[in-house]
Amino acid sequence: MCGIIGYLGDRNGAEVVVEGLKALEYRGYDSWGVAVRSNASVSIKKQVGRISDFDDLSSLPFANIAIGHTRWATHGSATAANAHPHTCCKGRIAVVHNGIIENYQELKSSLVAKGHIFKSQTDTEVIAHLIEENVAFGYDFNTAFEKAISDLKGRFAVVAIVDSDDQLLIARKGSPLVLGMGDKEFFVASDVPAFLKYTNNVVFLEDGDVASVGSARSLRPGVTITNRGKVVTRSPKRVSWDVEGAELGEYDHFMIKEIMEQKDTILRAINQPKEDIKRISDMINLSDNVFFIGCGTAGKVAQVGSYLFSKIAGKRVDFVVGSEFPNYHDFLGSNTLLVSISQSGETADTLEAMEVAQKAGAKLVSIVNVVGSSMMRMSDYSLLCNSGPEKAVCSTKATTAQIAILAELAFACAGRLDQGLNLLESVASQVSSMLDDGISDKVRSLAKKLAGHESMYIIGRSVNFPIALEASIKMQEVPYIHAEGFAGGELKHGPIALIEPGTPCVAFVANDDVKSDMISNAMEIRSRGAFIIGIAPENDAVFDFWIQVPDAGVLSPIPNIIPIQLLSYYTALEKSCDPDKPRNLAKSVTVK
Ligand code: G6P
């Protein structure tokens, strides 16, 4: 959670940083802050609310060095005092941080005993005071920073500045941080879109890296990276994302832009190097036990994947939610394969699960969208979704890309890769036509109806059971409707008691072996008064409202989720909710 950025160069640092924070706002939007260094002093501006609402730079001086932060509150509520950057007692050192300092209470008590005065309830503030304490002891800024970092336990990405020096000091352990290498200017940020306008030449920092970025005037000009005290070389890479991909363009919101991009992204997802697909499918076939994991929407994709493997390849794969995976510790060994699914590649619970599996000797594969992410670097092999930046907090285009990749792997495991690719290509083109064909108008009319309802229920069976669960996440997180997803057979074991005349219920009815059971389940709830919304290739008498989707056979989860993505978007608009930045959520959940 939280987005951080730093700049050093000839431009107006405040402007670059504010603009970068706007691009990172999807990572947290409770409050924000900027610190700039000019004329050997540090000036700070912090505010509760969203950086996107701010455009008055006149309150910050022109400065060549600046850092900024957009926050998703963990330690301490969303107040200006708790917003980053945090400073030391004298206000000379300013720090921004993403992650959690686990031993901050202990560090804080010892600093307070030494006379440090804290102004916030955050864990981050200890970093500024620790550096200050080390400087007071006689260390130069760089050494004081390194020593402070070595005292921290937890996950963190930190950028610090001091009034007396022309440098950005940077540390990474467990939270993402990437350097942008411009022409005589440098950027550092949680994610590439923050500085993509200026450079796509990037260096992904590794865990344990401490970097100093200095101008020609500073004591240590250029970029120096050390890891455990030794200077290391990290080669720059070109990121293929373009600025347009990270901007709204003709759309009102990123969510609708990203839903519409599914016209192309499914095809891009399945365009994987054949040797990678072959290698990973062999690993799956040869492993004694295979787990698919993920959190939130990616967790539902993992669950879809386990059904796809059973249906397409006859291969048993266990699905486990990322945060629950450590409980499976006793079942892991050198012949276990863990496949992690994640848009960001940074979700803390999924990363921790990977650490548990790695310690037990398991092999790691990840399916991620963000190039250079922690999961990608930790895995033995990775497949990239190639969806381009996904900026709306809820996942849409990365979801269908991940399902498509899992299906591709399942076909490869079954020795039918070419057939699978043909099917996936035809589903990609069906989705493209569906998004072109005005499905939005029909969904929009349904959104008007749903906006007045507090609760809804969603059912699916087989491959579409996890899609019912994912659909409920969408209706919860975007238009704040109390939505619950169930396996078709389960509704009558309790939740049916909640059905009242007019209660909206979505039924996913694919043309598959569970179709007649799904129709029976829809009938059971309709006869109790439910208003049945059928998402199906064919209409049925049980549906009060029918949304037609293409018949995609076993791949039906891909087209089926799209009307729900649109429904959650348009219902949010009906209710005047912000679809890109739902309340209380963040795009990248880097805390446990
Ligand atoms: C957050 C986001 C979800 C996402 C989940 C997992 O909760 O709001 O949209 O599905 O994290 O994120 P990941 O980056 O691992 O896919």
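Helices are DSSP runs of H or I with at least four residues, numbered from the N terminus. In this predicted model, helix α8, which spans residues 296-313, supplies the largest share of the shell around the ligand, with 3 residues. The shell as a whole holds 14 residues, and the closest of them are T297, S342, Q343, S344 and T347. By residue class, the shell consists of 7 polar residues, 6 nonpolar residues and 1 charged residue.

Polar backbone atoms of the protein were found beside oxygen atoms of the ligand at several positions. For Q343, a polar backbone atom is 2.7 Å from a ligand oxygen. For T297, a backbone N or O atom lies 3.1 Å from an oxygen atom of the ligand. A polar backbone atom of V393 is likewise 3.1 Å from a ligand oxygen. On its own, the ligand has 390 Å² of accessible area, and the protein covers 91% of this area.

The surroundings of Q343 were examined further. Q343 is located in the loop that connects strand β18 (336-342) with helix α9 (348-359). The relative accessibility of Q343 is 11%, and Q343 is therefore classed as buried, because the class takes in values under 20%. When residues up to four places away in sequence are left out, Q343 touches V368, N369, V370, E390, A398, Q402 and K587. Q343 thus appears both among the closest residues to the ligand and in contact with residues elsewhere in the sequence, including E390 and K587.

Terms used:
Residues are numbered from 1 along each chain as its sequence is written. This is a predicted model: local features need pLDDT of at least 70, side-chain atom pairs count only at pLDDT 80 or more; totals for chains, interfaces and linings use all residues. Side-chain values use heavy atoms; hydrogens and water are left out. A residue is near a molecule or strand if one of its heavy atoms lies within 4 Å of it. A polar contact is a pair of N or O atoms within 3.5 Å; within protein, one must be able to donate a hydrogen and the other to accept it, and residues adjacent in sequence count only if both atoms are side-chain atoms. Accessible areas come from the Shrake-Rupley method with a 1.4 Å probe; for residues, only the protein chains shown count as cover. Helices (H or I, at least four residues) and strands (E, at least two) are DSSP runs, numbered from the N terminus. Ala, Val, Leu, Ile, Met, Phe, Trp, Tyr, Cys and Pro count as nonpolar, Asp, Glu, Lys and Arg as charged, and the others, Gly among them, as polar. Buried means under 20% relative accessible area, exposed over 50%, partly exposed in between (1.4 Å probe, protein chains only). Contact means heavy atoms within 4.5 Å.
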